[in-house]
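Work through the exercises below with the model open. Each task is followed by a stepwise solution.

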Amino acid sequence: MISGTFHTSYRSDMALRRTWLERLRLGLFIAFVLAFPFLVGKKPYPIFLMNQIGIATIGAIGLNILVGYTGQISLGQGAFMAVGAYTAGILTARFGVPWWLTIPIAALVTAAIGAVFGIPSLRLKGLYLAIATLAAQEIIIWVVTHWEAVTGGVDALVVPPPMLGSLRMNTDFRFYWIIWALAGVTALLTANLFRTRYGRAFIAIRDQDIAAEVMGVNVFAYKLLAFAVSSFFVGVTGALIAHYRGIVTWERFTIDVSVLYLAMIIIGGLGSISGSLFGAAFMTLLPALLTNLGRSLRGVFPAMDEFIPYLQQASFGLVIILFLILEPEGLKKIWDDIKNYFALWPFSY
Amino acid sequence: MPLQLRGFRHPLNGSTLEPGQTQLRVENIHLAFGGVGALAGVSLEVRQSEILAIIGPNGAGKTSLLNSISGLYHPQKGRIVFYNHGREYELTRMKPHQIAAAGVARSFQNIELFRHMTVLDNLMSGAHVHMRAGLFSSLFYWGPAQREQIAFRDFIEDIIDLLEIPAIRYKKVGALAYGLQKRVELGRALAMRPALLLLDEPMAGMNTEEKEDMARFILDVNEEHGVTIVLIEHDMGVVMDISDRVVVLNFGRKIAEGTPEEVSKNPAVIEAYLGH
Ligand SMILES: Nc1ncnc2c1ncn2[C@@H]1O[C@H](COP(=O)(O)OP(=O)(O)OP(=O)(O)O)[C@@H](O)[C@H]1O
Ligand SMILES: [Mg+2]
């Protein structure tokens, strides 16, 4: 709660960032993203990590629209990312469509397929819907691995590097700008959506679907729309992976990925855009940190070396469990607490 | 043009009828769940701009009747007809969201608000059926989408003033006291700019002061804005004070109908209440 700000029009009262403090924070974050590659001296590894976070943020926002905001659990995230990645990859590799054009196309194709696999949500809720989306996951991956003529089957699909004139765009530094521009657009569009009847209808369905229907929300249509909008952004993530990596394989889109993204939004904060970013950062940086820790421990106790990978996985799980026990509402909640503390500063108590 | 006056005189009223005209006709509806009969041949009429109270002992079928009108329950026999926009809507063949768009709003016996939204967003979501901006202008929040949100915000602020809840605008509904939640639920229904407002025990569980406030709001909405109201209420004092007509249900049947005085003297009604 910010005190001392009074709005003189509904327009300013309804702005995305209502106070100067909120605008300042957003400005600082944008400045950080713009400066980051230079702050790290253009070193590839930190930029690579930031790119991973950016890509995951887009996918996490997409999943959060469906799960966090609309309350429709989905285990199909990995498969929807596959649809985006294969659509973009195939269009460029086989049909020579410019890489930048494949991103919106892949997003739209994923949105359509997401909506189709959202149909069971008419009848199914909670765990039953989760199982139905699990079926979607398995069906899509099955199609991808068996439709050899188009996808290349289990073999990797090689995607030609994205070019801008004579510039090869998929270096860590150059792709950084594409990823974070799209992450910014995704966050902005999503924030806008939740200022209008669409977003409110999604939340209404999550909180009280019968009341939503009686208030005039066509619950089925809006559930499908939530699947479509969510999958749209997930498709963007898939397309970005295809062009950044230059290679598409089904193994990157298994059920593990679906679970990873669910963990991301739960840890970051359900129904929150900044929470999606926090979750994406956490789930990208923690394994990287553990890997580096493991590497530096190598040789310290030579007898332990072969256990290091297991220790990494175990600590990854442990941190997540601890996290859920200590702060079930996610990183977003911690962030809110910090903000509230400073908003009242120096009169905080 | 979201705020253009539609229908009868006032911005909160979505009806196109004149006072006294038949607005809703329930014709001989039967509703059973498995073997349990909830409604056994109920017929009644609601007229534009009246306050009709539905009373009856627990389990009489009052809520089932409202649920049938708003399309949540599907009577096995009979029909429910609603007049608005120069049309005859057969509610028994429509989906709840279509019935809402036709002009029927309601509140629930056990508050069914959107708990994690603010009061303001709950009310704004009540105006859902009147919002027109498309998905793309909404995603970019430009032109029409923004203008529409601001125009409706203005309209919602009137409801906030009417219900005397400006102080809790930005509060999450789940954190509010019970009596305030009931008020917000009334507000959300009003945001639909209804032609017919169905209220299921709007004063249940309230103290005397809260009941008086709620009664005043209901009368305001009815007298100043001309909105037709059907309300279920157990408190006979309230029923006597605010309703124009009363319908009494018992075991799924209508056992009496008339002015509050007539009904309170009716032997069958006295019997039904004493019998329980
Ligand atoms: N969804 C349902 N499934 C099964 N039975 C139901 C259902 N809804 C209502 N009933 C039954 O129908 C009958 C009428 O219930 P209803 O809720 O309409 O009564 P009511 O008059 O609103 O009572 P109260 O004053 O307690 O709210 C009851 O016997 C109830 O058990
Ligand atoms: Mg009831």
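**Exercise 1. The contact between the chains**

Task: Find the partner of D13(A) in a salt bridge, then describe the interface of chain A and chain B.

Solution.
Step 1. D13(A) pairs with R153(B); their closest N and O atoms are 2.7 Å apart. This is a predicted model, and side-chain atom pairs count only at pLDDT 80 or more.
Step 2. Count the salt bridges between chain A and chain B: there are two.
Step 3. Add polar contacts. The interface has 15 residue pairs of this kind, with both residues at pLDDT 80 or more.
Step 4. Locate the chain A side. Helix 1 (10-13), helix 8 (172-193), helix 9 (197-207), helix 10 (209-214) and helix 11 each bring at least two residues to the side that touches chain B. Helix 9 of chain A gives the most, with eight residues.
Step 5. Sort that side by class. The side of chain A touching chain B holds 17 nonpolar, five polar and nine charged residues.
Step 6. Size the contact. Chain A contributes 31 residues and chain B 38 residues. The size of an interface is often given as the accessible area lost when the parts come together. Here, about 3,300 Å² is buried between chain A and chain B, and carbon and sulfur atoms give 66% of that area.

**Exercise 2. Salt bridges over all chains**

Task: State how many salt bridges the rule counts over all chains, and explain what the pair D209(A) and K125(A) ties together.

Solution.
Step 1. The total over all chains is 20 salt bridges.
Step 2. Take D209(A) and K125(A). Their closest N and O atoms lie 2.6 Å apart.
Step 3. Place both residues. D209(A) sits in helix 10 of chain A, and K125(A) in the loop between helix 5 (99-117) and helix 6 (126-146) of chain A, so the salt bridge ties together parts 84 residues apart in sequence.
Step 4. Turn to chain B. E27(B) forms a salt bridge with R25(B), with the closest N and O atoms 3.0 Å apart.

**Exercise 3. The second largest pocket**

Task: Which helix of chain A gives the largest share of the lining of the second largest pocket?

Solution.
Step 1. The second largest pocket holds about 1,000 Å³ of space.
Step 2. Its lining has 31 residues; Q52(A), L260(A), M283(A), T284(A) and P287(A) lie nearest the centre.
Step 3. Helices supplying at least two lining residues each include helix 3 (44-69), helix 12 (255-268) and helix 13 (273-297) of chain A.
Step 4. The largest share, seven residues, comes from helix 12 of chain A.
Step 5. By class, the lining has 21 nonpolar, six polar and four charged residues.

How values were computed:
Residues numbered from 1 in each chain as written. Chains lettered and ligands numbered in written order. Predicted model: local features only at pLDDT ≥ 70, side-chain atom pairs only at ≥ 80, totals over all residues. Heavy atoms only, no water. 1 Å grid on protein atoms, 1.4 Å probe; cavity = no way out; pocket = protein on both sides within 12 Å on 5 of 7 lines; lining within 4 Å. Points joined across faces, edges and corners; volume = space filled by probe spheres on them. Helix = DSSP H or I, 4+ residues; strand = E, 2+ residues; numbered from the N terminus. Nonpolar A, V, L, I, M, F, W, Y, C, P; charged D, E, K, R; others polar. Contact = heavy atoms within 4.5 Å. Buried area = accessible area lost by both parts, 1.4 Å probe. Salt bridge = Lys/Arg side-chain N within 4 Å of Asp/Glu carboxyl O. Polar contact = N/O pair within 3.5 Å; in protein donor to acceptor, adjacent residues only side chain to side chain.
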